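Work through the exercises below with the model open. Try each task before reading its solution.

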Amino acid sequence: MNSMKKDHLKSEIDSSLVEEARKTLLGAKDWLLEDMALMTAYWHDKMGYTEAWVDANWHLVLEEGNELIDALDEKEDAALLWLINNVNNNPVPLEECHVAGDNVVAGTYHCMACRHDNVIEKAQPLPTCEVCHYGLMSSHGGNE
């Protein structure tokens, strides 16, 4: 009979712990959902403000942004070419490599496959090599 009281007491404590854990989890879930709602509203307002600013000032972005983008692109391209040329010890700097179809100025373009000198008389899209029809040429040391 004494063990029945202990078992009953243990069962009540276990039941209380389970109920307490359930309440804690429900509270945590509610707290998380409220926080998510607040964060969603905050970011919605932030993004709405940003979109409104861009809509109102888009002309400024277009007018002043293009020059900045072009300047950054040029610097990035020059830095990348320098890095590739110096790291790989390229015999022909990449800025002097031309692919068939690129707009080029008059000059001599050396075929990277057969080494034939292709002479271009005027500014035009670069044709393939007149000997082997390869499409990669170099102006390294050749153009005036």
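**Exercise 1. Faces of a strand**

Task: Sort the residues of β4 into a covered face and an uncovered one.

Solution. Start with the covered face: N118 and I120 lie there. The uncovered face holds D117 and V119. Now the general rule. In a regular strand, side chains alternate between the two faces of the sheet. Keep in mind that this is a predicted model.

**Exercise 2. Partners of β3**

Task: State which strands pair with β3, in what sense, and over how many bridges.

Solution. Take β4 first. Strand β3 (residues 107-111) runs antiparallel to β4, and 4 bridges join them. Check two positions. Y109 stands opposite N118. G107 has I120 as its bridge partner. So both residues on the covered face of β4, N118 and I120, sit across from β3 residues, in line with the rule that a strand pairing is built from bridges.

Next take β6 (residues 136-138). Its pairing with β3 is also antiparallel, over 2 bridges. Here C111 is the bridge partner of M137.

Last, look at cover. How many residues of β3 are buried? The count is 5 of 5, and the strand is mostly covered.

**Exercise 3. The hairpin**

Task: Find the residue with a positive phi in the hairpin of β3 and β4.

Solution. Count the residues between the two strands: there are 5. Then inspect the backbone angles. R115 takes a positive phi, near 70°.

**Exercise 4. Two cysteines without a bond**

Task: Explain why C114 is in no disulfide, and compare its exposure with that of C129.

Solution. Begin with the total: the structure holds 0 disulfides. Find the cysteine sulfur closest to that of C114. It belongs to C129, 3.7 Å away. The cut-off for a disulfide is 2.5 Å. The sulfurs are therefore too far apart for a bond. Turn to C129: the nearest cysteine sulfur is that of C114, and C129 is in no disulfide either.

Now the exposure. C114 is partly exposed, at 33% relative accessibility. C129 is buried, at 0%.

**Exercise 5. The salt bridge**

Task: Locate the salt bridge and describe its setting.

Solution. The count is 1 salt bridge. E19 and R22 form it, with their closest N and O atoms 2.8 Å apart. Place the pair in the chain. Both residues are in helix α1, 3 residues apart, which means about one helical turn separates them. Then check the accessibility of each. E19 is partly exposed, with a relative accessible area of 32%. R22 is partly exposed too, at 43%.

**Exercise 6. The whole chain**

Task: Summarise the fold pattern, the burial and the confidence of the chain.

Solution. Count the elements: 1 helix and 6 strands. Along the sequence they read α-β-β-β-β-β-β.

Burial comes next. The chain has 144 residues, and 15% of them count as buried. Its accessible surface is about 11600 Å², with 62% belonging to carbon and sulfur atoms.

Consider contacts with a separation of 6 or more. Residues 24 or more positions apart account for 42% of these.

Finish with confidence. The average pLDDT is 78, and 74% of the residues score at least 70. Where is confidence lowest, and where highest? Helix α1 (residues 2-88) is lowest, at a mean of 73. Strand β4 (residues 117-120) is highest, at 96.

Notes:
Residues numbered from 1 in each chain as written. Predicted model: local features only at pLDDT ≥ 70, side-chain atom pairs only at ≥ 80, totals over all residues. Heavy atoms only, no water. Buried < 20%, exposed > 50% of the residue type's maximum accessible area, 1.4 Å probe, protein only. pLDDT = per-residue confidence, 0-100. Salt bridge = Lys/Arg side-chain N within 4 Å of Asp/Glu carboxyl O. Contact = heavy atoms within 4.5 Å. Areas by Shrake-Rupley, 256 points an atom, 1.4 Å probe, with all protein chains shown as cover.
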